[in-house]
Amino acid sequence: MTTIKKIAFLALFAFIPFFATARNATFSNADYNIALAYTDTTFPGDAVFVHMTLTALNKKIASEPSSASLTLFNQNEKQVDKANFYVLSTSKAKSSVDMLCGVAVTLWQTAGTYSITVKYSPFGLQEMEFSLPLTVMDKTFVSETIELDSSNTEIRTDASPKRTQQTQKLSRVLTERDKNAVYQFRKFSLPTPSTRRTAFFGDRRVFKYSNGKTDTSTHIGIDFGIPTGSDVAACATGKVVMAEERIVTGWTVVIEHLPGLFSLYYHLDSLKVQEGQMIKAGEIIGQSGSTGLATGPHLHWQMELNGQAVNPDFFTTDFAFIDE
């Protein structure tokens, strides 16, 4: 029999949402203006987004392209994540460009004062840079022990070449970054109307195998306890980059929403989409189930940013600072 034991008071604590806060900043010189909004307080497992608008004041430079990158450093000045900005929109006269970039604050970061460095080349001019302060707050995660039956023990300990190939393929998909994949930057929706969460993002897990051995891991998604056959919807508009059956995650769908940002849906009973298909927010992509490594019918919903797992709830807020 498969059983799950959780620390009760932490399970209740996990329902409390943690939302990042935003700060605005501006800069101006004779050639251009910069206006930005960014995440200045966050938590381990969340993300940092910078929404930046460059406006040319000198008509001679207005037609030249702009570029920028974003790097997150921890308290020890060690790089945590780095990514390039992508363009959301450009004015007709090319005098203004709206850019966005996000980096992951991984689950294993500790509380403290971090910094964000933005390097930018505005309208083809010399590269410049500035730094922004970031506060990472402490967060407590749920601990749980999961006892696996012989079937799930076999799946979790599978070391076959097929599983290795599947793991490598998913890793390649999640680390690819298409700068033109700008599909939705307004806040995302939950993939199911269910409010019953059976596992949380960042859960610290101990697996007890049927052979008496144990293993540990961190749960990098949110599990919704919904019956087999329940509709599962895309959390945002995007492109399906994977739709197939896998050993551990069962029938799986992966959707790209922004450059480097993907949503993942595991343990589905059936699929309604195929790879390469464009999907609108709220469109049904399949039905929930218990395929792969599952202790019962549920939906595992996961978000990946630059190849790092990020709290899915973060994206149900105005993460890109876009006025509705």
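**Strand pairing and aromatic contacts in a predicted model**

Visitor: How many bridges join strand 11 to strand 13, and do they run parallel or antiparallel?
Guide: In this predicted model, strand 11 covers residues 143–147. Within this pairing, Ser143 has Arg204 of strand 13 as its bridge partner. Strand 11 and strand 13 are joined by 5 bridges, and they run parallel.

Visitor: Which residue in strand 14 stands opposite Arg205?
Guide: Strand 13 is also joined to strand 14, residues 214–218, by 5 bridges, and these two run antiparallel. The residue of strand 14 opposite Arg205 is Ser217.

Visitor: Which residue in the turn between strand 13 and strand 14 has a positive phi?
Guide: The two strands form a hairpin, with 5 residues between them. A positive phi of about 95° is found in this turn at Gly212.

Visitor: Which side chains of strand 13 are buried?
Guide: In a regular strand, side chains alternate between the two faces of the sheet. Strand 13, residues 204–208, shows this alternation. Arg204, Val206 and Lys208 point to one face and are not buried, while the buried side chains on the other face are Arg205 and Phe207.

Visitor: Why is the pair of Phe49 and Phe314 stacked?
Guide: The count of aromatic pairs comes to 11. For Phe49 and Phe314 the ring centres are 6.3 Å apart. Planes under 30 degrees apart count as stacked, so this pair qualifies with its planes at 25°.

Visitor: How many residues apart in sequence are the parts that Phe49 and Phe314 tie together?
Guide: Phe49 lies in strand 4, residues 47–56, and Phe314 in the segment after strand 23. Phe49 is buried at a relative accessible area of 0%, and Phe314 is buried at 3%. The parts tied together by the pair are apart in sequence by 265 residues.

Visitor: What kind of aromatic pair do Tyr120 and Phe130 form?
Guide: Tyr120 is in strand 9 and Phe130 in strand 10, 10 residues apart. Tyr120 counts as buried at 3% relative accessibility. With 5.7 Å centre to centre and 55° between the planes, the pair is tilted.

Visitor: Which residues form one aromatic cluster with Phe49?
Guide: Phe314 belongs to this cluster, and its ring is stacked with that of Phe49. The cluster partners of Phe49 are Phe188, Phe314, Phe315 and Phe319.

Visitor: Where does pLDDT stay under 50?
Guide: The mean pLDDT of the protein is 90, and 93% of its residues reach 70 or more. Where pLDDT is low, the predicted coordinates should not be read in detail. The stretch under 50, for which the model has 41 contacts beyond four places in sequence, is residues 1–18.

Key
Residues numbered from 1 in each chain as written. Predicted model: local features only at pLDDT ≥ 70, side-chain atom pairs only at ≥ 80, totals over all residues. Heavy atoms only, no water. pLDDT = per-residue confidence, 0-100. Contact = heavy atoms within 4.5 Å. Buried < 20%, exposed > 50% of the residue type's maximum accessible area, 1.4 Å probe, protein only. Helix = DSSP H or I, 4+ residues; strand = E, 2+ residues; numbered from the N terminus. Pairing = 2+ DSSP bridges. Phe/Tyr/Trp six-rings, centres within 6.5 Å; stacked < 30°, edge-to-face > 60°.
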